[in-house]
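Hi everyone, thanks for making time this morning. I'd like to walk you through one model, and please do stop me if anything is unclear.

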Amino acid sequence: SSDLRALTPRAATPRAITPRPLGPSGGSLPAAQHRASSSRASARPSQHFKDMTIAEMESRLEQKFSKKMCGSGQGQRQGAPPLSARELLEENKQLIQEKKQQKALARKNSREFVQKLLEEDRRVEEGTKATDQGKKSALKELSQHYLLKIAEKEEAKAAAH
């Protein structure tokens, strides 16, 4: 019976059936607007902005935007007073300078890394070349040795005949 229950459709819950608010023309709002208005209504406190005093509105706005305006995303100026235009300009100049220095350092490190790789490749290539040359000279000596032995044997055969 538990298998049968899993296959049957469930009854609609009372939460799923909510009346749609009426639009300005008296008809119901489209589904997308209804979802947006219901999510906004649930996210907002019960007090509507028309019922708020100026001080309440300012405190609400301050709570909402103070984190964004003070740059709390970076975590540098949390709790500090807002910057003046001059201070902001100076801070931006300092950040730009630091960024330039970081780029220059990264470029320098990159050049040094490439130089090290090239130097290592050159050393490996020289080592390989020296090894190949050593093998080549050893083979040449060996072939000369065999040629001398062959010539000596032929001379010995010729002297024996």
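I'll start with the overall fold, then go to the salt bridges, and finish with a patch of charge on the surface.

First, a word of caution: what you see is a predicted model.

So, the fold. The chain has four helices and zero strands, and along the sequence the pattern reads α-α-α-α. How much of the chain counts as buried? Of its 161 residues, 2% do. The exposed surface of the chain comes to about 15,200 Å², with 57% of that supplied by carbon and sulfur atoms.

Now for helix H4, which covers residues 85–160. The rest of my talk stays there.

The structure holds four salt bridges, and I'll take you through some of them. Let's begin with Arg 122, which pairs with Glu 119, their closest N and O atoms lying 2.3 Å apart. The two residues sit three apart in helix H4, so about one helical turn separates them. In terms of accessibility, Arg 122 is at 39%, which means partly exposed, since the class runs between 20% and 50%. Glu 119, at 31%, is partly exposed as well.

Arg 122 also reaches along the helix to Glu 126, with a salt bridge of 2.6 Å from N to O. Here the spacing is four residues, again about one turn of helix H4. Glu 126 has a relative accessible area of 43%, so Glu 126 counts as partly exposed.

And how do these contacts fit together? Salt bridges with shared partners join Glu 119, Glu 120, Arg 122, Arg 123 and Glu 126 into one network.

Let me fill in the two members I haven't described yet. Arg 123 and Glu 120 form a salt bridge, with 3.5 Å between the closest N and O atoms. They are three residues apart in helix H4, so about one helical turn lies between them. Arg 123 is partly exposed at 47%, and Glu 120 is partly exposed at 38%.

Last stop: the surface patch. Which residues form the positive patch? They are Lys 99, Lys 103, Arg 107 and Arg 111. Take Lys 99 as one of them: this residue is found in helix H4. Is Lys 99 buried or exposed? Its relative accessibility is 52%, and the cut-off for exposed is over 50%, so Lys 99 counts as exposed.

That's my tour, and I'm happy to take questions.

How values were computed
Residues are numbered from 1 along each chain as its sequence is written. This is a predicted model: local features need pLDDT of at least 70, side-chain atom pairs count only at pLDDT 80 or more; totals for chains, interfaces and linings use all residues. Side-chain values use heavy atoms; hydrogens and water are left out. Patches are made of residues with over 30% relative accessible area and no salt bridge: like charges are joined within 9 Å, nonpolar side chains (Val, Leu, Ile, Met, Phe, Trp, Tyr) within 5 Å. Accessible areas come from the Shrake-Rupley method with a 1.4 Å probe; for residues, only the protein chains shown count as cover. A salt bridge is a side-chain nitrogen of Lys or Arg within 4 Å of a carboxyl oxygen of Asp or Glu. Lys and Arg count as positive and Asp and Glu as negative; His and the chain ends are not counted. The place of a charge is taken as NZ of Lys, CZ of Arg, CG of Asp or CD of Glu. Buried means under 20% relative accessible area, exposed over 50%, partly exposed in between (1.4 Å probe, protein chains only).
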